Amino acid sequence: MNEKKLVHTERIAVRWGDMDAMGHVNNTVYFRYMEQARISWFEQLVPEDEVWQSTGIVIVNASCNYKRPITYPGTVEVRLMVGPPGGSSAPTFYELRVDADPVPYADGAAVVVFVDMKTQKPARIPEGIRQRLLESEVRT
């Protein structure tokens with residue numbers, strides 16, 4: 001796995017309350033859109049009996065590049081890509097598009113660290129999950 005690979009697509013309706021006084025989606029909500037896509041992807045990646053029981057993830061950094069304002073109404077499509085996994089972490093990348101517009105409204109990144117839910121400490125990515133990361137197909 002030498003480059004970013006699209007592994008998940010999440011569609012999220014823009015809510016009226018996502019907007020701020022400037023009439024567009026507040027900058028913090030873009031992080032919420034990325035978060036929702038990341039959690040949905042993680043819950044599909046990890047076996048059901050392990051997700052949030054023995055295996056979890058936290059982010060150690062996150063970024064967002066705002067390119068165009070998102071407004072209500074609309075549906076945000078968050079495309080989540082994963083880069084090569086490390087020992088306990090994996091880089092994730094995001095593109096936010098609205099409706100059928102092919103030009104991204106924002107892009108971002110976050111490094112996720114796998115954690116042992118009992119100790120709350122970083123843990124090596126379990127081999128089965130690592131294999132799924134390397135063989136991932138797009139899920140919506």
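Exposed here means over 50% relative accessible area. Gln-120 meets that cut-off in this predicted model, because its relative accessible area is 53%. Gln-120 sits in the loop between S5 and strand S6 (121-122), and its backbone is a little unusual to look at: phi is near 60°, a positive value in a residue other than glycine. Asp-99 is another such case, with a positive phi of about 50° although it is not a glycine. Asp-99 belongs to the loop between S4 and S5. A further backbone feature turns up in the loop between S2 and S3, where Pro-73 is found. The peptide bond leading from Tyr-72 into Pro-73 is cis, and its omega is near -5°.

Next come the strands. S3 (residues 75-82) and S4 (residues 89-98) pair in the antiparallel sense, with 7 bridges between them. The two make a hairpin, and 6 residues lie between them. Within this pairing, Arg-79 has Glu-95 of S4 as its bridge partner. On to the next pairing: S4 and S5 (residues 106-116) also run antiparallel, joined by 8 bridges. Here Ser-89 stands opposite Val-113 of S5.

As for the packing, the largest nonpolar core is made of 34 residues, and Tyr-33 and Leu-96 have the most contacts inside it. At least two residues of this core come from each of S1, helix H1 (27-45), strand S2 (55-66), S3, S4, S5 and helix H2 (127-135). H1 gives the most, with 8 residues. What does Tyr-33 touch, once its neighbours within four places in sequence are left aside? Its contacts are Ile-12, Val-14, Asp-18, Val-25, Val-76, Val-78 and Leu-96. Tyr-33 and Leu-96, the two residues with the most contacts inside the core, are thus also in contact with each other.

Polar side chains are found in buried places too. Glu-10 lies in strand S1 (residues 5-13) and is buried, yet it has no salt bridge. The nearest side chain of opposite charge belongs to Arg-11, and that is 8.0 Å away. What Glu-10 does have is polar contacts: its side chain meets the side chain of Ser-40 at 3.2 Å, and the side chain of His-8 at 2.7 Å. Leaving aside neighbours within four places in sequence, Glu-10 is in contact with Gln-36, Ala-37, Ser-40, Val-76, Glu-77 and Val-78. His-8 is likewise a residue of strand S1. With a relative accessible area of just 1%, His-8 counts as buried because the cut-off is under 20%. Besides the contact with Glu-10, the side chain of His-8 makes a polar contact with that of Gln-44, at 3.5 Å.

A search of the whole structure turns up 8 salt bridges. One of them brings together the side chains of Glu-77 and Arg-11, at 3.1 Å from N to O. This pair links distant parts of the chain, since Glu-77 is in strand S3 and Arg-11 in strand S1, 66 residues apart. Glu-77 counts as buried, at 13% relative accessibility. The pair is also part of something wider: Arg-11, Glu-77 and Arg-79 are linked in a network of salt bridges. Arg-79 is the residue already met as the bridge partner of Glu-95.

Lys-67 and Asp-107 give another salt bridge between side chains, again 3.1 Å from N to O. Lys-67 is in the loop between S2 and S3 and Asp-107 is in strand S5, so this pair ties together parts that are 40 residues apart in sequence. With a relative accessible area of 48%, Lys-67 is partly exposed.

The salt bridge between Glu-127 and Arg-130 is a local affair, its closest N and O atoms being 3.7 Å apart. Why are the two partners separated by about one helical turn? Because they are 3 residues apart in helix H2. What sort of surroundings does each partner have? Glu-127 is partly exposed, at 47% relative accessibility, whereas Arg-130 is buried, with a relative accessible area of 9%.

How values were computed
Residues are numbered from 1 along each chain as its sequence is written. This is a predicted model: local features need pLDDT of at least 70, side-chain atom pairs count only at pLDDT 80 or more; totals for chains, interfaces and linings use all residues. Side-chain values use heavy atoms; hydrogens and water are left out. Helices (H or I, at least four residues) and strands (E, at least two) are DSSP runs, numbered from the N terminus. Buried means under 20% relative accessible area, exposed over 50%, partly exposed in between (1.4 Å probe, protein chains only). Lys and Arg count as positive and Asp and Glu as negative; His and the chain ends are not counted. A salt bridge is a side-chain nitrogen of Lys or Arg within 4 Å of a carboxyl oxygen of Asp or Glu. A polar contact is a pair of N or O atoms within 3.5 Å; within protein, one must be able to donate a hydrogen and the other to accept it, and residues adjacent in sequence count only if both atoms are side-chain atoms. Contact means heavy atoms within 4.5 Å. Two strands pair if DSSP finds at least two bridges between them. A nonpolar core is a set of buried Ala, Val, Leu, Ile, Met, Phe, Trp, Tyr and Cys residues joined through side-chain atoms within 4.5 Å.
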